[in-house]
Amino acid sequence: MTAARGTAVFELRGASARLGAHLAVRELSLEVRRGEVTAILGPNGSGKSTLLRLLSGSLRPTTGAVLFEGEPLEALAPKAVARRVAYLPQSPIAPVDLTVGELAWRGRYPHRRWLTAAGEADRRAVETAMSLAEVDELADRTLGTLSGGERQRAWVALALAQEPDVLLLDEPTTFLDIGHQADLLRLLARLNRDRGLTVVMVLHDLSQAAHAADRVIGLHDGAVVFDGAPTEVLTAEGVSSLFGTRVRVMLDPDSGRPVVLPALDMPDRGEASTHP
Amino acid sequence: MATSRPSPRMIRAAPALSGAALLLVLAMLLAVSVGAFLLTPSEVLRGLIERGDPVTARIVHDLRLPRVMIAALVGANLAIAGALLQGITRNPLGDPHLLGFSAGAGLFAVIAIDVLPATPTAIVTPAAFVGSLVSAAVVYALAWRSGITPVRFALAGVAVAALFTALSTAVLATSDRFTQSVLAFLAGGLYGSGWDEVQHIWPYTLIAGAGAIVMADNLNVLALGDDVARSLGMRVERVRLGLVVVAALLTGSAVAVAGLLAFIGLMVPHVARLAVGGDYRAVVPLSALLGALLLVLADTLARVVIAPVEIPVGIVTAVLGAPALLLLIRTRT
């Protein structure tokens, strides 16, 4: 990592993205800073995944620009970008007969040169990625035989095998149980601290975002509603207006970070003992 | 640890590849030996180097050898094209026949025969070749909407196949010029193939086949979806167009010399995948060998099953292919 923490890795300049007739992201201008963990929040269909796809280069902005380290993303060599930025979509597809080891090896594609065999550096990167993602025991298992959580970790191994310094993750915790959710978020925090890995992820769980991220961005209808440190922006009013539903926000006594609960207003069901 | 091996499937694929190559050589020797005259292995070998009895040498060298080579080349071309199209469409039904690549060849061949009845074979071959490229281009253009998606490509292919087949039938039904040779072309056959046909196809097999093998690793990445492939640094549209062109060249040259052969492109890649798994770097070369093997054996059967009359080899591949495919579906899922 050459540049210092806090400088802009990505910059969106009035970027809009159209999916069919629908304007999914509207003239968005924001920066993603190096070494930060950013969480993108918002209701379904608010443009979170589209924003991530814009950053990954898998979608080009209809108008405006996406800059990576000051250069327009589409002007850069795709493989050069892929050696720096890894992207994991929400529900990636893969042949069921692919093994976990083979999937992780695909992460070396941007590092490979035309018609050259894999080298020691490739081997080491894949091994490290698989052990970080805790899938080394699953190396020879095919994806079709894995649980949802194991498969998700196999994809994380692919992304890490790219040896990126920016990781873009679309709802990485969705298919994981609570233990593996915590493992993944801890792994990201560790890579962020030790290697300065920049992380941008879409999260559904607001409390998770509050704990895992340095910065949270709230999107609604393709536009930014709030953007700041979790303790500043994840207030009851902010979250309630973003999602159009009442929530309660309290602070975790240990971390001091917000915990968000839906205000369910459940009808009074009386005592449990009324059931025979 | 298992993870340290660079490409475990390639190591696992080595026995399958060498086994298939050996079987192919044996099948070709068998195919040269079998026919109206049954030749001994030593007669075959002496015939190959044009020694010994001149009549035997002529049978081996001028009649049977080119035909066996054509069968091998056509089988390899169709099987590679099938593997590529299955990879491009991410669909197990990817096949030059089902996706309309062959239907265009058929249509152009039928039109050529109808318009220019005097010179059938000389015109039919290039017409079929052009038709195959045209239908590939039409499928690609129909599927294009600021990019190709595998599903649109597959659906466009099926539509073009149906349309071009219907047009062929329309030309056939309204024409009074049709001969045995048209029927043989539509059913797929290698009757009368000689060194001329070998000359027509081997450069395509060599160049497009080599291109397919070199590009095979891209199919592995493409299999992870367009978004992931792009994020891994692949220029997805460019690679996909390249693969479509290679598949069209392979199909066009195969159809031009052998007519419409169903099932090889569809079935062989599945068999290859059963043997070596999903890595296209192994699937593509193994498909080539198995496709060649299958068509050499099928053509031998077509020559001898009701000898001295031949049946079109396309009928043999369909009769063998349909149940084999059903068996594959039942055992795999």
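Modeller: Helices (H or I, at least four residues) and strands (E, at least two) are DSSP runs, numbered from the N terminus. This is a predicted model, in which local features need pLDDT of at least 70 and side-chain atom pairs count only at pLDDT 80 or more, while totals for chains, interfaces and linings use all residues. Residues are numbered from 1 along each chain as its sequence is written, and chains are lettered from A and ligands numbered from 1 in the order in which they are written.

Colleague: Between which elements is A:Glu171 found?

Modeller: The phi of A:Glu171 is near 50 degrees, a positive value in a residue other than glycine. Most residues other than glycine have a negative phi. A:Glu171 is found in the loop of chain A between strand S7 (166–170) and helix H6 (178–195).

Colleague: Is A:Glu171 buried or exposed?

Modeller: A residue is buried if 20 or more other C-beta atoms lie within 10 Å of its own, exposed if 12 or fewer, and partly exposed in between, with C-beta atoms placed from the backbone. A:Glu171 has 20 C-beta neighbours inside 10 Å, and therefore counts as buried.

Colleague: Which loop holds B:Arg90?

Modeller: B:Arg90 has a phi near 50 degrees, a positive value in a residue other than glycine. With 20 other C-beta atoms within 10 Å, B:Arg90 is buried. Its place is in chain B, in the loop between H3 and helix H4 (101–115).

Colleague: Which element gives the largest share of the largest nonpolar core?

Modeller: A nonpolar core is a set of buried Ala, Val, Leu, Ile, Met, Phe, Trp, Tyr and Cys residues joined through C-beta atoms within 7 Å. The largest has 190 residues, and those touching the most other members are A:Ala157, A:Leu168, B:Ala72, B:Val74 and B:Val296. The largest share of this core, 19 residues, comes from chain B, from helix H3 (residues 54–89).

Colleague: Which strands stand at the edges of the open sheet in chain A?

Modeller: Two strands pair if DSSP finds at least two bridges between them. In chain A, 4 strands form an open sheet in the order S2-S1-S4-S5, with antiparallel pairing. Each edge strand has a single partner strand, so one side of each is left without a neighbour in the sheet; these are strand S2 (22–33) and strand S5 (71–72).

Colleague: How many charged residues are on the side of chain A that touches chain B?

Modeller: Taking contact as C-beta atoms, placed from the backbone, within 7 Å, 31 residues of chain A are in contact with 23 residues of chain B. Ala, Val, Leu, Ile, Met, Phe, Trp, Tyr, Cys and Pro count as nonpolar, Asp, Glu, Lys and Arg as charged, and the others, Gly among them, as polar. On the side of chain A that touches chain B, 18 residues are nonpolar, 4 are polar, and the number charged is 9.

How values were computed:
Contact = placed C-beta atoms within 7 Å.
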